[in-house]
Amino acid sequence: MKLVFLGTSAAQPTPERGMTCICLVLEREILMFDAGEGAQVAFQKAKLGWNKKMKIFVTHLHGDHCVGVLGLLQTMALQSRTESMDIFGPPGIDEFLATNLKILNFGLTFPVRIMRVKEGLVLDDPAYTVHVSEAEHSIPAYSYLFTEKDRPGRFYPEKANKLGVPEGKLWHELQSGKEVKVEDKIIKPSDVMGEKRKGRKIGISGDTRPTKKLEEFFKGCDYITFDCTYSDTLKDKAIETGHSTAKEGAELAKKAGVSNLILTHFSARYDNADELLQEAKTIHGSVIAAKDLLEIDIK
């Protein structure tokens with residue numbers, strides 16, 4: 001599992017930063033959070049694959065977070081994608097996509113399903129869940145929480161070999177939690193596997209002010225990516241526009257017991273994120289400033 005940052009700029013692109021787009025890459029699937037203009041270019045650079053199973057989650061309907069969905073869909077169609085796509089977003093996401101697809105008049109080579117989100121559980125997959133919380137921005141906006149379901153314990157091939165379990169189908173059954181029979185012996189999964197591993201939690205803030213609701217929503221996350229448009233010297237500007245400062249993001253992460261904070265969505269006024277990173281580090285012990293095409297392995 002890894003996070004891949006395809007775009008880290010706020011409102012407008014810079015020579016170094018594209019528009020907001022974050023991918024959570026799972027073993028067999030990609031979950032994309034927001035897609036600003038040019039998302040398909042960064043997606044191609046990251047070599048994530050045009051025909052992989054994929055879902056898109058839009059936090060709100062400002063152009064720098066959703067306009068790129070159109071170009072991404074068209075490029076995928078030109079690449080002859082066949083895998084279906086699910087798109088989740090706030091009220092209006094269905095109208096936005098349907099109207100633009102009709103006007104632009106390009107055909108899709110794959111099915112697209114569009115779902116409006118509201119607070120609570122929006123997706124329950126066999127391997128994970130996705131929950132939604134209201135954010136506090138200048139228009140209706142949402143934050144997302146990915147929670148991996150508990151994983152099976154680590155499989156130890158040497159234990160299986162010692163017990164005489166032949167490699168192949170029986171190994172797979174043990175890893176799936178099933179008992180197997182070898183000659184006259186019953187082998188249990190616990191004989192060859194470690195204890196279950198707790199699922200990982202990852203939060204995506206989108207554009208927002210820091211709120212008590214989000215503090216509770218992101219409690220105990222392993223990682224969160226958080227709106228860090230301004231330094232705290234421009235806190236009044238952050239309040240006016242419905243964004244957060246680096247200091248505010250770090251304070252929320254600390255109160256929520258978040259293990260790792262990733263700053264993103266930087267105002268174009270900052271040539272680099274050093275000032276914002278140092279500001280957040282005075283509050284929280286583990287902070288990373290995202291940059292375009294940065295990949296972070298989720299342990």
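**Exercise 1. Which residue takes a positive phi just after H10?**

Solution. The model is a predicted one. Step 1: locate helix H10, which spans residues 246-255. Step 2: read the backbone just past the helix, where Gly 257 has a positive phi of about 70°.

**Exercise 2. List the buried residues of helix H10 and state what covers them.**

Solution. Step 1: apply the cut-off, by which a residue is buried when its relative accessible area is under 20%. Step 2: in H10 the buried residues are Ala 246, Glu 248, Gly 249, Ala 250, Leu 252 and Ala 253. Step 3: look for the elements in contact with these residues. The cover includes three helices, H8 (212-217), H9 (235-241) and H11, together with strands S13 and S14.

**Exercise 3. Describe the environment of Val 4 and decide whether this residue is buried or exposed.**

Solution. Step 1: place the residue. Val 4 belongs to strand S1, residues 2-7. Step 2: compare its accessibility with the cut-off. Val 4 has a relative accessibility of 1%, so it counts as buried. Step 3: collect the contacts, leaving out residues up to four places away in sequence. Val 4 then touches Cys 21, Ile 22, Cys 23, Val 25, Ala 46, Leu 294 and Glu 295. Step 4: for a separation in space, take Glu 195. From C-alpha to C-alpha, Val 4 and Glu 195 are 29 Å apart, with their positions 191 residues apart in sequence.

**Exercise 4. Work out the strand order of the open sheet of 7 strands, identify its edges, and name a helix packed on it.**

Solution. Step 1: follow the pairings across the sheet. The order is S7-S8-S9-S12-S13-S14-S15, and the pairing is mixed. Step 2: find the strands that have a single partner. These are S7 (120-124) and S15 (287-289), so each edge strand has one side without a neighbour in the sheet. Step 3: take the twist, which averages 20° from one strand to the next. Step 4: add the helix. H11, residues 274-281, packs on the sheet and touches S14 (260-264) and S15. The direction of H11 makes about 170° with that of S15. Step 5: examine one pair in detail. S8 (residues 128-134) and S9 (residues 142-148) are antiparallel, with 7 bridges. Within this pair, Thr 129 stands opposite Thr 147 of S9.

**Exercise 5. Characterise the largest cavity by volume and lining.**

Solution. Step 1: count the candidates. The structure has 1 cavity of 30 Å³ or more. Step 2: take the volume, about 90 Å³ for the largest cavity. Step 3: examine the lining of 15 residues, where Thr 20, Ile 22, Asp 34, Gly 206 and Thr 264 are the closest to the centre. Step 4: sort the lining by class, which gives 4 nonpolar, 8 polar and 3 charged residues. Step 5: assign the lining to elements. Strand S13 (residues 223-227) gives the largest share, 3 residues.

**Exercise 6. Set out the volumes and linings of the largest and second largest pockets.**

Solution. Step 1: the largest pocket holds about 740 Å³ of space. Its lining has 24 residues, and Glu 27, Arg 28, Ala 127, Glu 148 and Arg 151 are the closest to its centre. By class, this lining has 9 nonpolar, 3 polar and 12 charged residues. Step 2: the second largest pocket holds about 160 Å³. Among its 13 lining residues, Ala 10, Ala 11, Thr 229, Tyr 230 and His 243 lie nearest the centre. The lining of the second largest pocket divides into 4 nonpolar, 7 polar and 2 charged residues.

Definitions and conventions:
Residues numbered from 1 in each chain as written. Predicted model: local features only at pLDDT ≥ 70, side-chain atom pairs only at ≥ 80, totals over all residues. Heavy atoms only, no water. 1 Å grid on protein atoms, 1.4 Å probe; cavity = no way out; pocket = protein on both sides within 12 Å on 5 of 7 lines; lining within 4 Å. Points joined across faces, edges and corners; volume = space filled by probe spheres on them. Helix = DSSP H or I, 4+ residues; strand = E, 2+ residues; numbered from the N terminus. Nonpolar A, V, L, I, M, F, W, Y, C, P; charged D, E, K, R; others polar. Buried < 20%, exposed > 50% of the residue type's maximum accessible area, 1.4 Å probe, protein only. Contact = heavy atoms within 4.5 Å. Pairing = 2+ DSSP bridges. Axes fitted to C-alpha atoms, helices over the stretch in contact; angles between N-to-C directions.
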